[in-house]
Amino acid sequence: MNFKLDLKNIFYLMRFFESDDRNAVAIVFERINRAGTELNKFDLLSAWSWSEEFNLKEKFESLDLELESYGYANLSSDKDLQLKICSAIINGETTPAAILHLSGNEVRGRFKEVISGIKGAIDFLRNELLVYSFEILPYPALLIPLATYFATTKTDGEKYTDRQREKITQWFWISVFSKRYSSDVNNRQRKDILDLLAIKK
């Protein structure tokens, strides 16, 4: 039988299994859906965070429409980047293990911070660094620590001083010209997240 992958089906079946072991649930769905759509980490996180009022995929698609006029619409096509931004803001790191340990409640509860982080990072890239589109961003992964810095619950976003702007700009260009994210990305992102949060404080 070919069971069609659907977020509502995943959500209700997870409730049926009443299991907190998300890895076990993922295995079940991989077997059920072997003849259909392949399940990936984004599908799983969408399922874990799904509710009648919250659909992760739709939230990012809605953000994509907002970012289109800013030159960053293609962010929505990079699911791995979206997952890592969520994980960086919630867990402080971007490893596959950290992503798989995200809880649905955390994603729903802190998604406004994720959105504010992405928008703040893009504003900084455009206004301070003149990176006007996603296509000319040397390493898309640079968005991750930046989004962590700008993640906030403040309605008017996260402000920065001249000194903070100077330090973030220095970090960005050093990272670009040293090709910092060409290897050992997870460990370097973890350090950069900590460094940028230290600048924020």
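This is a short tour of aromatic rings in a predicted model.

**Start with the whole structure.** Show the side chains of Phe, Tyr and Trp. A search of the whole structure finds seven aromatic pairs. A pair of aromatic rings is described by two things: the distance of the centres and the angle of the planes.

**Select Phe124 and Tyr160.** Their ring centres are 5.2 Å apart and the planes meet at 75 degrees, so this pair is edge-to-face; the label applies to angles over 60 degrees. Now colour the backbone around them. Phe124 belongs to helix α7 (residues 104–128), while Tyr160 is in the loop between α8 (143–150) and α9 (162–177), so the pair ties together parts that are 36 residues apart in sequence.

**Turn on the surface.** Is Phe124 buried or exposed? Phe124 is buried, at a relative accessible area of 1%. Its partner Tyr160 counts as partly exposed, with 29% relative accessibility.

**Move on to Phe172 and Trp173.** Here is another edge-to-face aromatic pair, with 4.8 Å from centre to centre and 85 degrees between the planes. Look at the surface again: Phe172 is buried, with a relative accessible area of 0%, whereas Trp173 counts as partly exposed at 32% relative accessibility.

**Go back to Phe124 and widen the selection.** Add Tyr149, Phe150 and Tyr160 to your view. Ring pairs link these residues and Phe124 into a cluster.

**Last stop: Lys200.** Which ring does the charged end of Lys200 sit over? Select Tyr149 to find out: the charged end of Lys200 sits over the ring of Tyr149, 6.0 Å from the ring centre. Tyr149 is also one of the residues in the cluster you have just seen.

Notes
Residues are numbered from 1 along each chain as its sequence is written. This is a predicted model: local features need pLDDT of at least 70, side-chain atom pairs count only at pLDDT 80 or more; totals for chains, interfaces and linings use all residues. Side-chain values use heavy atoms; hydrogens and water are left out. Rings of Phe, Tyr and Trp (its six-membered ring) pair if their centres lie within 6.5 Å; planes under 30 degrees apart count as stacked, over 60 as edge-to-face and the rest as tilted. Helices (H or I, at least four residues) and strands (E, at least two) are DSSP runs, numbered from the N terminus. Buried means under 20% relative accessible area, exposed over 50%, partly exposed in between (1.4 Å probe, protein chains only). A charge sits over a ring if NZ of Lys or CZ of Arg is within 6 Å of the ring centre and within 35 degrees of the ring normal.
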